[in-house]
Amino acid sequence: MSACLSRSQNQFDFQYSQSRGASRTAFDLRRRQIETFEKLVRVESPQGHALRELDDTFLDCRSEGWDGYDARPVSLHAYRRANKFLAHLIARFPSPTACAAPDGSLTLEWIATADRRFMVSIDADDVIAFAGLFGSETVRGTSTFVEDIPLEVPYYLKRLFRP
Amino acid sequence: MCTPIEDAEVLARYILSKSWLYLDNRPGNKLRSNAWLPHPRIELSVYRVDDWTPSEIDKKGEEVATERESNHRQSELGKGNDYPDGKRTFKYLGTGKIQAWDVRRSELDAVPKEPPCRHADIIGWPPLTQNRKQDVAAQMEYAMRLQRESHFVPPVE
């Protein structure tokens with residue numbers, strides 16, 4: 001039966017032609033393993049969507065007037081800073097959605113429900129802007145982001161996603 | 001039609017960029033808060049569509065998109081950039097609709113601003129300060145309020 005599990009040296013090569021297993025069990029095992037590996041290839045980390053969205057947003061919004069009105073372009077520096085900001089938070093909180101704002105900043109938005117959400121605006125400057133909606137209460141502010149995430153951000157995100 | 005805007009009137013924000021929409025399969029409102037951010041003026045451009053049919057709303061949306069596309073094409077060509085004939089950056093993707101009452105409940109206001117015909121502005125945004133980031137934070141807060149009260153309507157086709 002072990003023969004059915006043999007595979008090529010390349011971990012992403014799903015040609016299990018080397019298997020010598022000929023029993024029904026070996027056949028079933030081989031089929032199930034191939035299915036599992038094929039699913040693994042398609043799977044994306046929970047953070048993948050946000051990172052991809054950030055990439056796509058940057059590519060779509062690099063030109064002036066990208067919104068059909070008078071939006072400023074998103075700069076490479078803003079994109080890098082948003083990536084860095086996201087990297088600090090991505091393992092600790094649910095994944096945000098990313099988009100561009102007409103002032104040329106990138107916005108990360110965490111949404112718990114329709115009226116519980118938190119937004120952070122990041123551009124090339126060291127200062128970020130944030131705003132949150134917590135039911136009938138709203139919050140807003142600014143803080144410096146150079147290396148470490150400002151304390152207000154995890155505070156509000158914890159509040160947003162608390163059970 | 002420069003009559004004052006009644007509380008019950010419906011206002012439409014034309015959506016020309018997919019970056020204003022949530023593109024995943026989330027339930028509920030597809031419109032992002034960013035669609036309601038004012039820029040560069042501290043007024044937000046909307047249309048009074050109360051007695052328009054869905055196809056009239058879409059027709060105006062197509063006009064707005066065509067005008068924006070034409071301006072963008074001229075601008076790109078003016079900069080010496082390549083802009084092939086078939087290329088289209090701005091398409092009419094639908095409208096964000098909100099009732100004037102909900103605008104006012106969000107501590108903003110809606111007033112007629114013509115021309116063009118039926119155009120209006122959402123005004124009353126927090127006054128600009130010397131601190132640009134504080135202004136951004138304040139505008140995001142109000143944009144989230146508008147997003148909460150609005151809904152997205154795709155074109156009828």
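## Two chains and the core they share

The buried residues of helix α1 of chain B are I57(B), D58(B), K60(B), G61(B), V64(B), A65(B), R68(B) and H72(B). The model in which they are found is a predicted one, and this report describes that helix and chain B as a whole before turning to the contact between the chains and to chain A.

The cover over the buried residues of α1(B) includes three strands of chain B, namely β1 (10–15), β2 (44–48) and β3 (94–99). An α-helix has 3.6 residues a turn, so residues three or four places apart point the same way. How far apart are the end C-alpha atoms of α1(B)? They are 36 Å apart, and because 25 residues at 1.5 Å a residue should span 36 Å, the helix agrees with the expected span. After α1(B) comes G80(B), with a positive phi near 85 degrees.

Chain B contains three helices and six strands, and, read from the N terminus, its elements follow the order β-β-α-β-α-β-β-α-β. The radius of gyration of chain B is 16 Å, close to the 15 Å that the globule rule gives for 157 residues, so chain B is as compact as a globular protein of that length. Its C-alpha trace spans about 45 × 40 × 35 Å along the principal axes.

The table sets some values for the two chains side by side.

| Chain | Helices and strands | Buried residues | Share of contacts (at least 6 apart in sequence) that join residues at least 24 apart |
|---|---|---|---|
| Chain A | four helices, five strands | 33% of 163 residues | 43% |
| Chain B | three helices, six strands | 41% of 157 residues | 73% |

Within chain B, strand β4 (residues 109–112) pairs with strand β5 (residues 119–123) in the antiparallel sense, over four bridges. Which residue of β5(B) is the bridge partner of V111(B)? The partner is D121(B). The hairpin that β4(B) and β5(B) make has six residues between the strands, and in this hairpin R118(B) takes a positive phi near 75 degrees.

The two chains touch each other, with 26 residues of chain B in contact with 32 residues of chain A. On the side of chain B that touches chain A, the elements that give two or more residues are α1 (54–78) and α3 (132–149) of chain B. Of these, α3(B) gives the most, with nine residues. Sorted by class, that side of chain B has 11 nonpolar, 10 polar and five charged residues.

The largest nonpolar core has 72 residues, and those with the most contacts inside it are A82(A), L106(A), F130(A), L11(B), A12(B), V103(B) and M140(B). The element that gives the most to this core is α3(B), with eight residues, and α3(B) also gives the most to the side of chain B that touches chain A. L11(B), one of the core residues with the most contacts, is in contact, once its neighbours within four places in sequence are left aside, with V46(B), Y47(B), R48(B), I98(B), A100(B), V103(B), A110(B) and A120(B).

Chain A has its own order of elements, which from the N terminus run α-α-α-β-β-β-β-β-α. Strand β1 (residues 97–100) of chain A is covered on both faces, with T97(A) and C99(A) buried on one side and A98(A) and A100(A) buried on the other. In a regular strand the side chains alternate between the two faces of the sheet. β1(A) pairs with strand β2 (residues 106–113) of chain A in the antiparallel sense over four bridges, and in one of these pairs C99(A) has T107(A) of β2(A) as its bridge partner. The hairpin that β1(A) and β2(A) form has five residues between the strands, and G104(A) in the turn has a positive phi of about 90 degrees.

A last residue to consider is E64(A), which lies in the loop between α2 (48–60) and α3 (76–89) of chain A. Why does E64(A) count as partly exposed? It has 14 C-beta neighbours inside 10 Å, whereas a buried residue has 20 or more and an exposed one 12 or fewer. Apart from its neighbours within four places in sequence, E64(A) is in contact with R72(A) and P73(A). E64(A) and P102(A) are 38 residues apart in sequence, and their C-alpha atoms are 9.4 Å apart in space.

Terms used
Residues numbered from 1 in each chain as written. Chains lettered and ligands numbered in written order. Predicted model: local features only at pLDDT ≥ 70, side-chain atom pairs only at ≥ 80, totals over all residues. Pairing = 2+ DSSP bridges. Contact = placed C-beta atoms within 7 Å. Nonpolar A, V, L, I, M, F, W, Y, C, P; charged D, E, K, R; others polar. Expected span 1.5 Å × (residues − 1). Rg over C-alpha atoms; globule rule 2.2 N^0.38 Å. Core = buried A, V, L, I, M, F, W, Y, C linked by C-beta atoms within 7 Å.
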